[in-house]
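Let's take a friendly walk through a small set of features in one protein model. Keep the 3D view open and find each residue as it comes up.

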Amino acid sequence: VVLTSEACAHGLQSRLAGLNGVEAAKVNYDAAIATVRLGSHGSLKDVLTAVAEQGFAAKEISDSDLRR
């Protein structure tokens with residue numbers, strides 16, 4: 001599933017930002033990338049689950065992957 005509108009991106013961003021342990025979340029609609037900064041109590045599993053619950057697919061990528 002892909003982001004089909006800015007509203008989809010905003011909804012996903014709000015969902016991610018509301019997760020326990022998430023310090024910051026930003027969804028870039030044009031690039032179809034969500035960036036999430038986790039605090040010490042954040043869980044990547046929780047982020048991936050929340051993305052799936054919103055009907056999207058996600059995988060972890062590193063900062064170096066983004067620079068390529």
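## A salt bridge between two helices

Start with Glu53 and Arg15: these two form a salt bridge, and their closest N and O atoms are 2.9 Å apart. The pair ties together distant parts of the chain, since Glu53 belongs to helix H2 and Arg15 to helix H1, 38 residues apart. Keep in mind that what you're looking at is a predicted model.

How open to the outside are the two partners? Glu53 counts as exposed because its relative accessibility is 53%, and the cut-off for exposed is over 50%. Arg15 has a relative accessible area of 29%, so it is partly exposed. As a bit of background, side chains of opposite charge can pair when their charged atoms come close.

## The other salt bridge

How many salt bridges are there by this rule? The count comes to two. The other one brings together the side chains of Arg37 and Glu23, at 3.2 Å from N to O. Here again distant parts of the chain are linked: Arg37 sits in strand E2 and Glu23 in strand E1, 14 residues apart. Glu23 has a relative accessibility of 51%, so it counts as exposed.

## Two sides of helix H2

Back to H2, which covers residues 44–53. Which of its residues are buried? They are Val47, Ala50 and Val51. If you look down the axis of H2, these buried residues fall within an arc of 100°, so they line one face of the helix. That buried set packs against helix H1 (6–17), strand E1 (22–28) and strand E2 (33–38).

Now spin the helix around. The face turned away from the buried side carries Lys45, Ala52 and Glu53, which are exposed. So Glu53, our salt-bridge partner from the beginning, is on that outward face.

Both ends of H2 have something to show. At the start, a side-chain oxygen of Ser43 reaches to within 3.3 Å of the backbone nitrogen of Lys45. Just after the helix, Gly55 takes a positive phi of about 95°.

## The nonpolar core

The buried residues of H2 have company. Val47, Ala50 and Val51 are part of the largest nonpolar core, which has 12 residues, including Leu3, Leu19, Val22, Ala25 and Phe56. Three elements each give two or more residues to this core: H1, E1 and H2. In soluble globular proteins, nonpolar side chains tend to be buried together.

Val27 is a nice core member to zoom in on. It lies in strand E1, and with a relative accessibility of 10% it counts as buried. Leaving out neighbours within four places in sequence, Val27 is in contact with Leu3, Ala9, Leu12, Gln13, Leu16, Ile33 and Ala34. Ala9, counted in the same way, touches Leu3, Val27 and Tyr29.

Want a sense of scale? The C-alpha atoms of Val27 and Glu53 are separated by 16 Å, and the two residues are 26 places apart along the chain.

## An unusual backbone angle

One last stop: Ala32, in the loop between E1 and E2. Which sign does the phi of Ala32 have, positive or negative? It is positive, at about 55°, although Ala32 is not a glycine. For background, most residues other than glycine have a negative phi. Ala32 has a relative accessibility of 54%, so it counts as exposed.

Methods: Residues numbered from 1 in each chain as written. Predicted model: local features only at pLDDT ≥ 70, side-chain atom pairs only at ≥ 80, totals over all residues. Heavy atoms only, no water. Buried < 20%, exposed > 50% of the residue type's maximum accessible area, 1.4 Å probe, protein only. Helix = DSSP H or I, 4+ residues; strand = E, 2+ residues; numbered from the N terminus. Arc of directions from axis to C-beta. Contact = heavy atoms within 4.5 Å. Polar contact = N/O pair within 3.5 Å; in protein donor to acceptor, adjacent residues only side chain to side chain. Core = buried A, V, L, I, M, F, W, Y, C linked by side-chain atoms within 4.5 Å. Salt bridge = Lys/Arg side-chain N within 4 Å of Asp/Glu carboxyl O.
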